[in-house]
Amino acid sequence: MSATPADASQGGSIDHVLTEDRLFPPSAEFTKNAVISTQDQYEQLYAAARDTPDDFWRDQANEHLHWFEPFSEVCQWEAPDAKWFVGGKTNACYNCVDAHVEAGRGDKTAIIWEGEPGDKRTLSYRELQTEVAKCAEAYQQLGVGLGDVVSIYMPMTPELAIAMLACARIGAIHSVIFAGFSAESIADRNNDASAKLMITSDGLNRRGKVLPLKQTVDEALDKSTTVEKCLVLRRTGGDDTPMTEGRDVWWHDVVDTQPGVLPATPLESETPLFILYTSGSTGKPKGILHTTAGYNLWARRTFEWVFDHRDDDIYWCTADCGWITGHSYIVYGPMTAGATCLMYEGAPNHPAEDRFWDLVEKYKVTILYTAPTAVRAFIKWGDEHVDKHDLSSLRLLGSVGEGINPEAWMWYHEKIGGGKCPIVDTWWQTETGGIMMSPLPGITPTKPGSCTKPLPGVIPKIVDEIGNEVDSEHGGKLCISQPWPGMLRGIWGDPKRFVDQYFSDVPGQYLTGDNARRDSDGYYWIMGRIDDVINVSGHRLSTIEVESALVSHPDVCEAAVVGRPDDLKGQAIAAFVTTTNREVNDEFLKELKQHVRKQIGALAQPDDIRFTSALPKTRSGKIMRRLLRDVAAGRELAGDTSTLEDLASIASLQEKD
Ligand code: WT7
C-alpha cells in the first residue's frame, strides 16, 4: 500500500493537520520549574541514548529501579528478540509500592478514588502495600504462582490496580480485559492465554445503571477450559450474584482476611509481567507480551519526562486499566514514580456532563491525561459545563489514542488549560509499552496535531515500500530502528506472527503500522494506519475482526468493514453486507448490530450497516476497501458513480475482467 497523504484521509482530520503551522511555546513560568528545562538537556539525553545506549540505560536502570540482584548485561538484541538488564532481579510491584514505604514515603497518597455513585476512598502507599500483599496471599491460596495467567475483568476500582500489582508481586502474569468486551471475547482471551484464575466483580456502575459483569463472566467461563477459580469483588451489591460452588469465591472472604505481609518476590528482569490483547490486521486479537524490568523502567521514565512529574502533583489519567494507557500511566509509570493518582470509575456525563470538571476542581488535579474523542464530546456538550468549575489547579494537559485535530487541540488549550497549560500529544502503541514521541512540556514548542519529537531512546525512521529511508516530508511507513526497554517481547503463543507483523518488512527494525511524515523542523505527524486497523474513539479494532463477527450470523454471506471519518469518534465503523435470502429491514439491522456486540463487545458495534447484492473485489478476490472507504465517507468515486447500488455493478464489472 502506498504511503501518500491521501491514504491518511481515512483518519479524518488530516487535511487540517497538513496546513497547520501555529506554534505554541511553553510559558517562561512553566519552563523555569520544569524537570527538563533546556533544549540542551534534551539533546544530551537524546544523543546519549542513541550513541551509547548501554551506558545510558545502565545508569537509568540503576538509578530508577530497585534491584534485588544487579544485572550483568544491559541489552541483548538479536531482532526480534530483546533481553534487557540480563542477570538482574527486580519486582515491578516492589518498585510501585514497597520502594516508597521503604524510603519513608509510605504516608503519601497513592490513589484517590471516586466511584460513579460518588463514593470515595484514598489509599496511601503503605495501605496499598498491605492490600496488594493480601491479594497476593489470596492468589497463593487459590493455587496461583509464578508464570500463571490471571484474567482480570473489573470496573475501575482500586481493587483492579491492586489485582494487577498483586500479580506482579508474585510473578503471575495479568491479562486485563476491558469490562466492555463480550463473553465470547473473554473466553477467547482466557483460552489463548491458558488463564488459571479469573477476577471480576458482581456488577459495574455505568451511567446510573448496574451492568451484571459476573453473569457475563459465567457465560465466558462455560467456554474457558483452563480457568480453575473465579474471584469476585462485591462492588454493586444485591443478593442475586450467581456463585458456582467450588469455583467462585468472594474477595471479602479470601482477600480481606489475609495478613497482608507477603513480600515481593525477586524476579528475573525478563519475567513476563502482563499480556494485553489488542487488535491486529487479522481477525484474531493478539496477546502483546511485556516483561518486568525494561517495561517498568520505560513506563517510569516516560511518565516523568512527559508529565514533568513533581512530588505535589495530583495526576489524573482518565483511561481504563483495560487498555495499555491504564497499565502504563495509571499503574506502573506513575506509581513507580511515587505519584498521587486520581482514579474515577464511571462515565464522564454522569450524573451530568460536568463530572470531569467537578473532579478536577474537587481534587485540585494538576495534570490531566485524556483522549481526543473525549475532548470532542466535551466540545459538543457545551462550554457551560466547563464554565461552572474552577480549573485553575491544572498545569499540564495530555492527549492519547489518536491524533488530536487542531480544533479540539485549541479548545482543550484555551477552555480547559486557560491558555497556560502545555499540551503533550503522546504517540505510542500497546506494543511500545510507553510513550515514544511527545513534546517535553518545559521545552517543546507545540504544533496542534503533531506529536513533535521522539523521546530519548527512540530512533524513528520513515521508509518506503522496500524499506529505504524516504524524503521524510512526503511521508512513509514509520519504523523504530533501535530496541528500547519498553518494547513488546512477543505475541503470546505466536512467535511467527510476532516476526511477520513487526520485523519482516524492514529487517531488524520495528514496524509500527502507522504512516508518518517529518516536517522541516523535525516534527513528526502521524498520518493513520497502513493496515486494516481502525481507530474508534481511541480504541483499536481490526476491520477483519468485525467482518468475522458479522459473517458468523447465519443470514450473512459476506461482509466488508471499513472506517469512515466521524466528528466524535475519529472513525466510525461502516459495514457492507450481503445476505442470504433474508428480507432486509430494521429488525434485521438491529439484530446484526446486537450480534456484533455479543461476539466482540459494544465498542465494535457497526455505526452503519449497508446491504448490497455483491461486494466489489479485485480479480484476485480481495475486497476493494479503498473504494468502500470512499463510499462510506460519501466521497466521489473516481471514474465511478458513488451510490451504493452501484457497488453491485462495480462488482459485476470486476468479475467480467
Ligand atoms: C495506535 C495505537 C497509545 C495508547 C492508546 C492506543 C494511534 C495513538 C496517537 C497520537 C496519532 C495515535 C496510532 C497507533 N495513536 N496515539 N498521539 N497521534 N495517532 O494504543 O490501541 O495500541 O493504538 O493508535 O495509530 O498505532 P493502541
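Reader: What makes the residues in the shell around the ligand nonpolar, polar or charged, and how many fall in each class?

Author: In this predicted model, the shell around the ligand is made up of six nonpolar, 10 polar and five charged residues. Among the residues that come nearest to the ligand are Gly403, Gln429, Thr430, Ile526 and Arg540. Of these, Ile526 is classed as nonpolar and Arg540 as charged, whereas Gly403 is put with the polar residues because Gly is counted among them.

Reader: Which elements give two or more residues to the shell around the ligand, and where does the largest share come from?

Author: The elements that give two or more residues are α12 (324-336), β20 (423-426), β24 (510-518) and β25 (524-529). The largest share, three residues, is supplied by β24.

Reader: Why does Lys622 count as buried or exposed?

Author: Lys622 has 9 C-beta neighbours inside 10 Å, and a residue is called exposed if that count is 12 or fewer, so Lys622 counts as exposed. Its place is in the loop between β30 (608-611) and α20 (625-633). An unreviewed UniProt entry carries the annotation "modified residue: N6-acetyllysine" for Lys622, and such annotations may be inferred rather than shown by experiment.

Reader: Which residues of the largest nonpolar core touch the most other members, and what is Leu165 in contact with?

Author: The core holds 189 residues, and of these Met164 and Leu165 touch the most other members. Helix α7 (residues 158-170) gives the most to this core, with 10 residues, and the core draws at least three residues from each of domain 1 (28-41 + 69-524) and domain 2 (537-655). If neighbours within four places in sequence are left aside, Leu165 is in contact with Cys93, Cys96, Val97, Val132 and Val331. These pairs are called contacts because their C-beta atoms lie within 7 Å. As a general point, nonpolar side chains in soluble globular proteins tend to be buried together.

Reader: How many Å separate the centres of domain 1 and domain 2, and how many residues does the contact take from each?

Author: Taken over C-alpha atoms, the centres of domain 1 and domain 2 are separated by 32 Å. The contact takes 20 residues from domain 1 and 19 residues from domain 2. On the side of domain 1 that touches domain 2, α8 (183-193) and α14 (372-381) each supply at least two residues, and α14 gives the most, with five residues. By class, that side of domain 1 has five nonpolar, 11 polar and four charged residues.

Terms used
Residues are numbered from 1 along each chain as its sequence is written. This is a predicted model: local features need pLDDT of at least 70, side-chain atom pairs count only at pLDDT 80 or more; totals for chains, interfaces and linings use all residues. A nonpolar core is a set of buried Ala, Val, Leu, Ile, Met, Phe, Trp, Tyr and Cys residues joined through C-beta atoms within 7 Å. A residue is buried if 20 or more other C-beta atoms lie within 10 Å of its own, exposed if 12 or fewer, and partly exposed in between; C-beta atoms are placed from the backbone. Helices (H or I, at least four residues) and strands (E, at least two) are DSSP runs, numbered from the N terminus. Domain bounds come from an automatic or database domain assignment. Two residues are in contact if their C-beta atoms, placed from the backbone, lie within 7 Å. A residue is near a molecule or strand if its C-beta atom, placed from the backbone, lies within 6 Å of it.
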